[in-house]
Amino acid sequence: VDQAAVDKAIESGLQFLKSEETPDRPVLESDEFRLLTYLHGGMPEETPELQGLLKKCLEAPLDKTYKVSVLAMCLEELDRVRYQHKIAQCGQYLLDNQKPNGGWGYGEATPTTHDVPSGASRKDVPSGGGKTPTGERIKPEVKGKIKLTKKREGPAARSDHSNAQYAALGMRACHDAGIVFPKDALTKCKGYWEASQHPSQEKAGGKVASGGTAPGTPRGWCYNDTQDASCGRGGPAYGSMTAGSVASLCIYDHMLCKDFRKDKAVLDGLAWLDRNWSVTENVGPSETAKGVANAWLYYYLYAVERTGMLYDTSLIGSHDWYLEGARELLAAQKADGSWDASHFKNATRDTCFAILFLKRATRRLTASGGAK
């Protein structure tokens, strides 16, 4: 990969995001994703755009799974000690919106988050300070832990694997900030993904790559765990859900002190990605977008990035996921610095996903530090 070209593309993408007005809050929350992209993209923390967006996100209600999960990721990346109690509020929200099957839907506001003090005035707490040679923030040591207790079950609406995979990212951020979840809640999380993985299929729908070398039997995931009018377990497995599911299992194995490299569900998911490999389409196809080839394309690529980083591998089967993905992204960037080749044509989200991929923004589990 031409690193100079990657750096230039990221900078151009950040300039586009700074120039854009945040759209009305859609399903995937633009404010929090934009803030996460600013933080990982290298925007200085004192920049007015970053500080203004941070203030807006901190003041917003904790009322949706995506929003709360990505906010926890932002605050853990920014300063997991200073914002520990706000991160704990995010953790309480996620815990109390978890359904009995271990999954999540879109979620709803819960007064239980107010049981955790915000800690917003703890400005005397020193940050980690500085960055590593590769540009990662040096995380401050977490000396105190906050243990959470589940106060209620999540709402009755169905779970889906998109909200659930972002909940896993939020819980990982909480874990690294010293937030302790009940073990039975984590066990339910892991069981949710194991129970919803599809049976083995020699050939999935859509484009199928050949010559894969990943160990395991190809088994993937679709969008949700119940049958309904538009999508469900009867639909095909596809790329974005499978990549996000593998990453989620790695997170929960890590939090439960299990070896994700020996997890059959993980290995089978990687084998599915290898067998159905692409960086130009979300193979499956996605039943939530009527089967179009570019359905949620950059959402999918960001899920691939998380899989590669969390499993700590440069190859998914025989495929160099970063090399292939970065080349595709560099070729697809528009003159104004944006990306928008996904079917839903939302340049803000696509640009965020593209930059997060190019930055390899997800910290490896073995190097995350966790709470000490």
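Q: How many of the residues of H10 are buried?
A: This is a predicted model, in which local features need pLDDT of at least 70, side-chain atom pairs count only at pLDDT 80 or more, and totals for chains, interfaces and linings use all residues. Residues are numbered from 1 along each chain as its sequence is written, and side-chain values use heavy atoms, with hydrogens and water left out. Buried means under 20% relative accessible area (1.4 Å probe, protein chains only). H10 is mostly covered, the buried count being 15 of its 15 residues.

Q: What distance separates the end C-alpha atoms of helix H10?
A: Helices are DSSP runs (H or I, at least four residues), numbered from the N terminus. The expected span is 1.5 Å times one less than the number of residues. Helix H10 has 15 residues (297–311) and should therefore span 21 Å; the distance between its end C-alpha atoms agrees, at 21 Å.

Q: Which class fits the ring pair of Phe260 and Tyr311?
A: Rings of Phe, Tyr and Trp (its six-membered ring) pair if their centres lie within 6.5 Å; planes under 30 degrees apart count as stacked, over 60 as edge-to-face and the rest as tilted. A search of the whole structure finds 14 aromatic pairs. Tyr192 and Trp193 form an edge-to-face pair, 5.1 Å centre to centre with 80° between the planes. For Phe260 and Tyr311 the centres are 5.8 Å apart and the planes at 55°, so the pair is tilted.

Q: Is Phe260 buried or exposed?
A: Phe260 lies in the loop between helix H8 (239–255) and helix H9 (264–275), 51 residues from Tyr311 in helix H10. Its relative accessible area is 9%, so Phe260 counts as buried.

Notes
Helix = DSSP H or I, 4+ residues; strand = E, 2+ residues; numbered from the N terminus. Buried < 20%, exposed > 50% of the residue type's maximum accessible area, 1.4 Å probe, protein only.
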